[in-house]
Amino acid sequence: MITSVQNVSNLSMTRALGAIDSENSASSTTAPSSAAAGASNGLSFASVMGNMATQAVSSLKGAENMSFAGIKGTASTREVVDSMLQAEQTLQTAIAIRDKVVSAFLEVTKMQM
């Protein structure tokens, strides 16, 4: 989840959105290691946000499964607590990103053309 957030910041730090769109056609399949690598690998804002949402959902489902395992007695209390704390952090991160996206959208709609 955190690496996806870093990928989003890497995209916005180095280039305008138009430059990222032009690089999507000439992308490679290696993992990003820097801001320039993130933009040249074909990572678009939509794909990064989609991956982040998928990871958040899987983290929440994993925490739910771990809580059921704790109820059954197959998981230790520490494992359940660690899983719940990770899910809570993931949810708080997703809520913060959602709030920023909504705020940015509202600012764009207030702009005069």
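A residue counts as buried when its relative accessible area is under 20%, as exposed when that value is over 50%, and as partly exposed in between. With that in hand, take Leu91: its relative accessibility is 41%, so Leu91 counts as partly exposed. Leu91 is found in helix α5, and we will come back to this residue after a look at the whole chain. Please keep in mind throughout that this is a predicted model.

Let us start with the overall layout. The protein chain holds five helices and zero strands, and its pattern along the sequence reads α-α-α-α-α. Of its 113 residues, 25% count as buried. The accessible surface comes to about 7900 Å², and carbon and sulfur atoms account for 61% of that area. If you take the contacts between residues at least 6 apart in sequence, 53% of them join residues at least 24 apart.

Before going into detail, it helps to ask how confident the predictor is. The average pLDDT of the protein chain is 76, and 64% of the residues score at least 70. Which elements have the lowest and the highest mean pLDDT? Helix α2 (residues 17–23) has the lowest, at 43, while α5 has the highest, at 93. Over residues 11–37 the pLDDT is below 50, although this stretch has 34 contacts in the model beyond near neighbours in sequence. Where pLDDT is low, the predicted coordinates should not be read in detail. For that reason our tour now turns to α4 and α5.

Helix α4 covers residues 45–72, which gives it 28 residues. From its first C-alpha to its last it reaches 41 Å, close to the 40 Å expected at 1.5 Å a residue. Several of its residues are buried: Val48, Met52, Ala56, Ser59, Ala63, Ser67 and Ala69. Glu64 also lies in α4, but with a relative accessibility of 41% Glu64 counts as partly exposed, because the buried class requires a value under 20%. After α4 comes Gly73, whose phi is positive, near 90 degrees.

Helix α5 spans residues 77–110. It has 34 residues and reaches 49 Å from its first C-alpha to its last, close to the 50 Å expected at 1.5 Å a residue. Its buried residues are Val80, Ser83, Ala87, Thr90 and Thr93.

How do these two helices relate in space? Some C-alpha separations give a feel for it. Glu64 and Met84 are 20 residues apart along the chain, and their C-alpha atoms are separated by 8.0 Å. Returning to Leu91, its partner in a similar check is Ala56: the two are 35 residues apart in sequence and 7.1 Å apart in space, C-alpha to C-alpha.

Ser83 shows the contacts from the α5 side. Leaving out residues up to four places away in sequence, Ser83 touches Gly62, Ala63 and Met66. Is Ser83 buried or exposed? Its relative accessible area is 13%, so Ser83 is buried. Ala63, one of the residues it touches, is itself among the buried residues of α4.

Leu91 also takes part in a surface feature. Together with Leu60 and Ile95, Leu91 makes a nonpolar surface patch of about 230 Å². Ile95 is found in helix α5, and its relative accessible area of 36% makes Ile95 partly exposed.

Finally, look at the charged side chains. How many salt bridges does the structure hold? There are two. One joins Arg78 to Asp82, with the closest N and O atoms 3.9 Å apart; a salt bridge is counted within 4 Å, so this pair qualifies at 3.9 Å. Arg78 and Asp82 both lie in α5, four residues apart, about one turn of the helix. Arg78 is exposed, because its relative accessible area is 63%, whereas Asp82 counts as partly exposed at 40% relative accessibility.

In the other salt bridge, the side chains of Arg98 and Asp99 meet at 2.8 Å, N to O. Arg98 counts as partly exposed at 49% relative accessibility, and Asp99 is partly exposed too, with a relative accessible area of 40%.

Terms used
Residues are numbered from 1 along each chain as its sequence is written. This is a predicted model: local features need pLDDT of at least 70, side-chain atom pairs count only at pLDDT 80 or more; totals for chains, interfaces and linings use all residues. Side-chain values use heavy atoms; hydrogens and water are left out. Helices (H or I, at least four residues) and strands (E, at least two) are DSSP runs, numbered from the N terminus. Buried means under 20% relative accessible area, exposed over 50%, partly exposed in between (1.4 Å probe, protein chains only). Contact means heavy atoms within 4.5 Å. Accessible areas come from the Shrake-Rupley method with a 1.4 Å probe; for residues, only the protein chains shown count as cover. The expected span of a helix is 1.5 Å times one less than its number of residues. Patches are made of residues with over 30% relative accessible area and no salt bridge: like charges are joined within 9 Å, nonpolar side chains (Val, Leu, Ile, Met, Phe, Trp, Tyr) within 5 Å. pLDDT is the predictor's confidence in each residue, from 0 to 100.
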